[in-house]
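Student: I've got a model open and a pile of labels on it. Could we go through why each label was given?
Tutor: Sure, let's take the labels one at a time and hold each value up against its cut-off.

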Amino acid sequence: SASRRFGREEEGSMVVFAMFIFIGMLIVGGMSVDLMRFETNRARLQATLDRAVLAAADLDQTGDCQTVVEDYVDRAQLGDNLTSVNCVETINSRMAEATAGIELDTFFMDLVGVDTLEAPGASTAMEAVSDIEIVLVLDVSGSMLQNNRLVNLRAAASDFVQTVLAN
């Protein structure tokens with residue numbers, strides 16, 4: 001009968017198998033495109049954050065730390081992705097931290113249920129100077145004898161030395 005003949009027929013079975021393999025290759029190839037787009041954007045975000053915090057943490061930097069970071073990120077057209085900036089400045093150091101994140105819509109991974117990929121970025125930089133030398137210059141000329149200036153100078157110098165040695 002015709003149904004028995006159809007069940008025993010083997011012609012065309014490789015075409016079906018080849019189509020499944022071809023579709024699988026297309027899906028994997030498409031996923032690799034999404035992953036390359038993701039990695040390109042993640043690396044761009046991370047490099048921008050690294051440059052921004054390095055510039056902001058520079059002790060020679062005259063600009064405000066947060067403004068410097070925001071300017072770097074804005075110039076890279078990533079300003080909407082910046083989530084936080086933290087700056088700490090002491091007498092001999094400056095530290096800058098920044099975090100950001102990009103949400104990337106997928107083209108091909110969407111077919112397997114992955115709508116977006118999130119690329120976080122964080123960077124911290126610190127510049128510090130150790131072994132700071134402090135010099136105290138005192139005026140003990142004749143003019144310091146007037147109005148108790150020398151007595152006030154001794155008290156101020158003593159307070160200064162105590163403060164420096166305590167820290």
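Tutor: Start with a definition: a residue counts as exposed when its relative accessible area is over 50%, as buried when under 20%, and as partly exposed in between. Keep in mind that this is a predicted model.

Student: Okay, why is Asn-147 called exposed?
Tutor: Its relative accessible area is 65%, and the cut-off for exposed is over 50%, so Asn-147 gets that label. You'll find Asn-147 in the loop between strand 3 and helix 4.

Student: And what makes Asn-148 exposed?
Tutor: Asn-148 has a relative accessible area of 52%; the label needs over 50%, so Asn-148 is exposed. Asn-148 also sits in the loop between strand 3 and helix 4.

Student: What makes the phi of Asn-147 worth flagging?
Tutor: Phi of Asn-147 is near 55 degrees, which is positive, and the residue isn't a glycine. Asn-148 has a positive phi too, about 60 degrees, and is not a glycine either. As background, most residues other than glycine have a negative phi.

Student: Now the charged pairs. How many salt bridges are there?
Tutor: The structure holds 4. In general, side chains of opposite charge can pair when their charged atoms come close.

Student: How do you know that Arg-37 and Asp-34 form one of them?
Tutor: The closest N and O atoms of Arg-37 and Asp-34 are 3.5 Å apart. The cut-off is within 4 Å, so the pair qualifies as a salt bridge. Both residues belong to helix 2, which covers residues 13–57, and being 3 residues apart there puts about one helical turn between them.

Student: Which of the labels, buried or exposed or partly exposed, goes to Asp-34, and which to Arg-37?
Tutor: Asp-34 has 0% relative accessibility, and buried means under 20%, so Asp-34 is buried. Arg-37 comes in at 24%, between the two cut-offs, so Arg-37 is partly exposed.

Student: What makes Arg-75 and Asp-71 a salt bridge?
Tutor: Their closest N and O atoms are 3.0 Å apart, and that passes the within 4 Å test. These residues are 4 apart in helix 3 (residues 65–75), so about one helical turn separates them. Arg-75, at 66% relative accessibility, counts as exposed, whereas Asp-71, at 33%, is partly exposed.

Student: Why is Glu-89 with Arg-94 also called a salt bridge?
Tutor: The N to O distance is 3.1 Å, and the cut-off is within 4 Å, so the label holds. Glu-89 counts as exposed at 55% relative accessibility, but Arg-94 counts as buried at 7%.

Student: How do you know that strand 1 and strand 2 pair?
Tutor: Pairing takes at least two bridges, and strand 1 (residues 82–89) and strand 2 (residues 93–105) have 7, in the antiparallel sense; therefore they pair. Val-88 stands opposite Met-95 in strand 2. The two strands form a hairpin with 3 residues between them.

Student: What makes Val-129 eligible for the nonpolar surface patch?
Tutor: Patch members need over 30% relative accessible area, and Val-129 has 38%, which is partly exposed. Val-129 lies in the loop between strand 3 (116–128) and helix 4 (149–166). Other members of the patch include Ile-91, Leu-136 and Phe-160, and the patch has about 1000 Å² of accessible area together.

Student: Last one, the overall shape. How do you know that the chain isn't a compact globule?
Tutor: A compact globule of 167 residues would have a radius of gyration near 15 Å, but this chain has 33 Å. The C-alpha trace spans about 130 × 30 × 20 Å along its principal axes. For one pair, the C-alpha atoms of Asn-147 and Phe-22 are separated by 97 Å. Of the 167 residues, 22% count as buried.

Student: And what is the order of the elements?
Tutor: From the N terminus on they run α-α-α-β-β-β-α, which comes to 4 helices and 3 strands.

Terms used: Residues are numbered from 1 along each chain as its sequence is written. This is a predicted model: local features need pLDDT of at least 70, side-chain atom pairs count only at pLDDT 80 or more; totals for chains, interfaces and linings use all residues. Side-chain values use heavy atoms; hydrogens and water are left out. Patches are made of residues with over 30% relative accessible area and no salt bridge: like charges are joined within 9 Å, nonpolar side chains (Val, Leu, Ile, Met, Phe, Trp, Tyr) within 5 Å. Accessible areas come from the Shrake-Rupley method with a 1.4 Å probe; for residues, only the protein chains shown count as cover. A salt bridge is a side-chain nitrogen of Lys or Arg within 4 Å of a carboxyl oxygen of Asp or Glu. Buried means under 20% relative accessible area, exposed over 50%, partly exposed in between (1.4 Å probe, protein chains only). The radius of gyration is taken over C-alpha atoms; the globule rule is 2.2 Å times the number of residues to the power 0.38.
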